[in-house]
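Visitor: I'd like a close look at one part of this protein. Could you take me through the salt bridges and show me how they sit in the rest of the fold?

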Amino acid sequence: MKRSLPWNEQIDVISSDDSSSSDSEMDGCDGKQPVDDECDSKQPIDDEYNGKELSDEDALIKSAEMYQEYMKHIPIPTHRGSVIPFTTWMGLGKSIKQLYNQPLHYLTNILLKQWDQLRIGSEDECKPLDTLVHPCKAEATIWLIEEVHRHTSSHLHLAKLWLSDPLHHTFIDSIFPKL
């Protein structure tokens, strides 16, 4: 039995470790992608609203709701097959996404970025993280946090964060696993 997912829009993002954003620009004016500042203040988001137009905030809330619902349906991998070497948290996140062909939640990606920023200025800043934190423990930590974010995050909280960050889409992964 194939499940129908309510959130089937592709969102392009740059890799967490990439610094160029040319490949990640979104065209939010098509009515299917999240709204950006260049669009009109109202636009349709999907057929569910029977032609009604939503404000920017309402459209973002609806996108966050669909995103959160989609993320809840992606199972956390139970078998981990290899030890992943890594130098940064964001680098480990990128490797996990590639190895398991799964997205990480927006909040997990933000947290990995914050963890990398916390290292700036520390005496171990230049040491590869896998010499400080065992790779298996680091990966297990990310999957535990990912499970919490996928199953307990409020779409309203996500929408609030997205409204305050015009570049939020850079931390939303474009990997769409088959469920």
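Guide: Sure, let's start in helix α4, which covers residues 135-152. Arg-150 and Glu-146 both sit there, four residues apart, or about one turn of the helix. Their side chains meet in a salt bridge, with N to O at 2.6 Å. Are these two buried or exposed? Arg-150 and Glu-146 are both buried.

Keep in mind that this is a predicted model, so a word on confidence helps. The protein chain has an average pLDDT of 78, and 69% of its residues score at least 70. Helix α3 (residues 106-118) has the highest confidence, at a mean of 97, while strand β1 (residues 42-43) has the lowest, at 41. Over residues 1-47, pLDDT stays under 50, and the model has 101 contacts beyond four places in sequence for that stretch. Where pLDDT is low, the predicted coordinates shouldn't be read in detail.

Back to the salt bridges: how many does a search of the whole structure find? It turns up four. One of them joins the side chains of Lys-97 and Asp-173, at 3.0 Å from N to O. Lys-97 belongs to helix α2 (residues 89-100) and Asp-173 to the segment after α5 (155-164), so this pair ties together parts that are 76 residues apart in sequence. Both Lys-97 and Asp-173 are buried.

Another salt bridge brings together the side chains of Asp-124 and Lys-127, with N to O at 3.3 Å. Here the surroundings are easy to describe. Asp-124 counts as partly exposed because its relative accessibility is 22%, and buried would mean under 20%. Lys-127 is partly exposed too, with a relative accessible area of 42%.

Now for the fold around these pairs. The protein chain has five helices and two strands, and from the N terminus on they run β-β-α-α-α-α-α. The largest nonpolar core holds 28 residues, and the ones touching the most other members are Leu-92, Ile-96, Tyr-106 and Trp-162. Two or more residues of this core come from each of α1 (56-72), α2, α3, α4 and α5. That list includes α4, where we began, and α2, the helix of Lys-97.

Ile-96 is a good one to click on next. What does Ile-96 contact, leaving aside its neighbours within four places in sequence? The answer is Ile-84, Asn-101, Leu-104, Glu-139, Ile-142 and Trp-143.

Asn-101, from that set of contacts, deserves a quick stop. You'll find Asn-101 in the loop between α2 and α3. Asn-101 has a phi near 50 degrees, a positive value in a residue other than glycine. Most residues other than glycine have a negative phi. With 46% relative accessibility, Asn-101 counts as partly exposed.

Let's zoom out to finish. Of the 179 residues in the protein chain, 42% count as buried. The chain exposes about 10500 Å², and carbon and sulfur atoms supply 50% of that. Finally, take the contacts between residues at least 6 apart in sequence: 69% of them join residues at least 24 apart. The Lys-97 and Asp-173 pair, with parts 76 residues apart in sequence, is a nice one to look at with that in mind.

Conventions. Residues numbered from 1 in each chain as written. Predicted model: local features only at pLDDT ≥ 70, side-chain atom pairs only at ≥ 80, totals over all residues. Heavy atoms only, no water. Buried < 20%, exposed > 50% of the residue type's maximum accessible area, 1.4 Å probe, protein only. pLDDT = per-residue confidence, 0-100. Contact = heavy atoms within 4.5 Å. Core = buried A, V, L, I, M, F, W, Y, C linked by side-chain atoms within 4.5 Å. Areas by Shrake-Rupley, 256 points an atom, 1.4 Å probe, with all protein chains shown as cover.
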